[in-house]
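Open the model in a viewer and keep the selection panel to hand. The tour below goes from stop to stop, saying what to select and what is found there.

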Amino acid sequence: MGRIAPGDSKEIVMEVDTAGRIGRIAKTATVYSNDPDVPEKVLLLVADLVKSAHIKGISGKNIFHSDCTPCHVDKGKGKTHKALYDADCAICHRDGPRGAAPLRVLRIIEEGTLRRITRDGIPDTVMPGFHSSNGGPLTDGEIESIVSYIKDQSGQP
């Protein structure tokens, strides 16, 4: 990480491999300082890991036509723009430890790429194609409304 000048600050990033783990985990990192009163500080990261409801590589057909439909289909029916994003996308794409790119990241993706990913998904990930041609619940217009909403957020913090 390097040195930090007096009065400056810097973000500390901790990465933890959670693969195959469930339950409470705790990890520590030690920060050393030339401060005579506090020469070192131990940071504690605690997380409660739950079993994921998602299986890597699950097909859109399974997500959209199974026990998953209450979250990935039903809540978004008849909605567009922000309401559709909030119903169908934000369940995974929100700030926090979900593992998926949050809105602040999605909004910087090129519009055509964002449209294609929403339509066709990303192979070998849990991101399915949401278009009806891929087994998903969305039409061209609904996907366009989501892309439009995301891109309209580009000036937001």
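## Stop 1: the loop around His93

Select His93, which sits in the loop that runs between α3 (81–89) and α4 (103–106). The model is a predicted one. His93 counts as buried because its relative accessibility is 17%, under the 20% cut-off. Now show what surrounds His93: leaving aside neighbours within four places in sequence, the contacts are Tyr85, Ala100, Ala101, Pro102, Leu103, Leu106 and Met127. For a distance to check, pick the C-alpha atoms of His93 and Leu106, which are 8.3 Å apart in space and 13 residues apart in sequence.

## Stop 2: Tyr85 and the core

From His93, move to Tyr85, one of the contacts of His93. With neighbours within four places in sequence left aside, Tyr85 is in contact with Ala90, His93, Leu103, Leu106, Ile146, Tyr149 and Ile150.

Which residues have the most contacts inside the largest nonpolar core? They are Tyr85, Leu138, Ile146 and Ile150, in a core of 19 residues. Colour the helices next: α1 (60–64), α3, α4, α5 and α6 each supply at least two residues of this core. The largest share comes from α6, with five residues.

## Stop 3: helix α3

Select α3 and look for its buried residues: Leu84, Tyr85, Ala87, Asp88 and Cys89. The cover over the buried residues of α3 includes α2 (69–72), α4 and α6.

His81 is also in helix α3. Is His81 buried or partly exposed? His81 counts as partly exposed, because its relative accessibility is 38%. Check the backbone here too: His81 is not a glycine, yet its phi is positive, at about 50 degrees. Most residues other than glycine have a negative phi.

## Stop 4: Thr69 in α2

Go on to Thr69, found in helix α2. Thr69 has a relative accessible area of 18% and is therefore buried. Not counting residues up to four places away in sequence, Thr69 touches Ile63, Phe64 and Asp74.

## Stop 5: α5 against α6

Show helix α5 (residues 111–120) together with helix α6 (residues 140–152). Two packed helices are described by the angle between their axes and the distance between the axes. The axes of α5 and α6 come within 10 Å and cross at roughly 135 degrees. The angle therefore makes α5 oblique to α6. The crossing in which α5 passes α6 is right-handed.

To display the contact, select these two sets:

- from α5: Glu111, Leu114, Arg115, Thr118 and Arg119
- from α6: Asp140, Ile143, Glu144, Val147, Ile150 and Lys151

Coloured by class, the contact of α5 with α6 shows four nonpolar residues, one polar residue and six charged residues. Ile150, on the α6 side of this contact, is also among the residues with the most contacts inside the largest nonpolar core.

## Stop 6: Thr118 and Arg119

Stay in α5 and select Thr118. Thr118 is buried, because its relative accessible area is 8%. Not counting residues up to four places away in sequence, Thr118 touches Met127, Pro128, Gly129, Phe130, His131 and Ile143. Met127 has been met before, among the contacts of His93.

Then select Arg119, which also lies in helix α5. Arg119 has a relative accessible area of 29% and therefore counts as partly exposed. With residues up to four places away in sequence not counted, Arg119 touches Gly129, Phe130, His131, Ser133, Asn134, Asp140 and Ile143. Two of these, Asp140 and Ile143, belong to the α6 side of the helix contact. Another distance to check is that between the C-alpha atoms of Arg119 and Phe130: 5.2 Å, for residues eleven apart along the chain.

## Stop 7: the whole chain

Clear the selection and colour by secondary structure. How many helices and strands does the chain have? The secondary structure comes to six helices and two strands, and read along the sequence the pattern is β-β-α-α-α-α-α-α.

Recolour by accessibility: of the 157 residues in the chain, 25% are buried. For a contact map, take contacts between residues at least 6 apart in sequence; 42% of these join residues at least 24 apart.

Note on methods
Residues numbered from 1 in each chain as written. Predicted model: local features only at pLDDT ≥ 70, side-chain atom pairs only at ≥ 80, totals over all residues. Heavy atoms only, no water. Axes fitted to C-alpha atoms, helices over the stretch in contact; angles between N-to-C directions. Helix = DSSP H or I, 4+ residues; strand = E, 2+ residues; numbered from the N terminus. Parallel < 35°, antiparallel > 145°, perpendicular 65-115°, else oblique. Left-handed = near helix turned anticlockwise from the far one by under 90°. Contact = heavy atoms within 4.5 Å. Nonpolar A, V, L, I, M, F, W, Y, C, P; charged D, E, K, R; others polar. Buried < 20%, exposed > 50% of the residue type's maximum accessible area, 1.4 Å probe, protein only. Core = buried A, V, L, I, M, F, W, Y, C linked by side-chain atoms within 4.5 Å.
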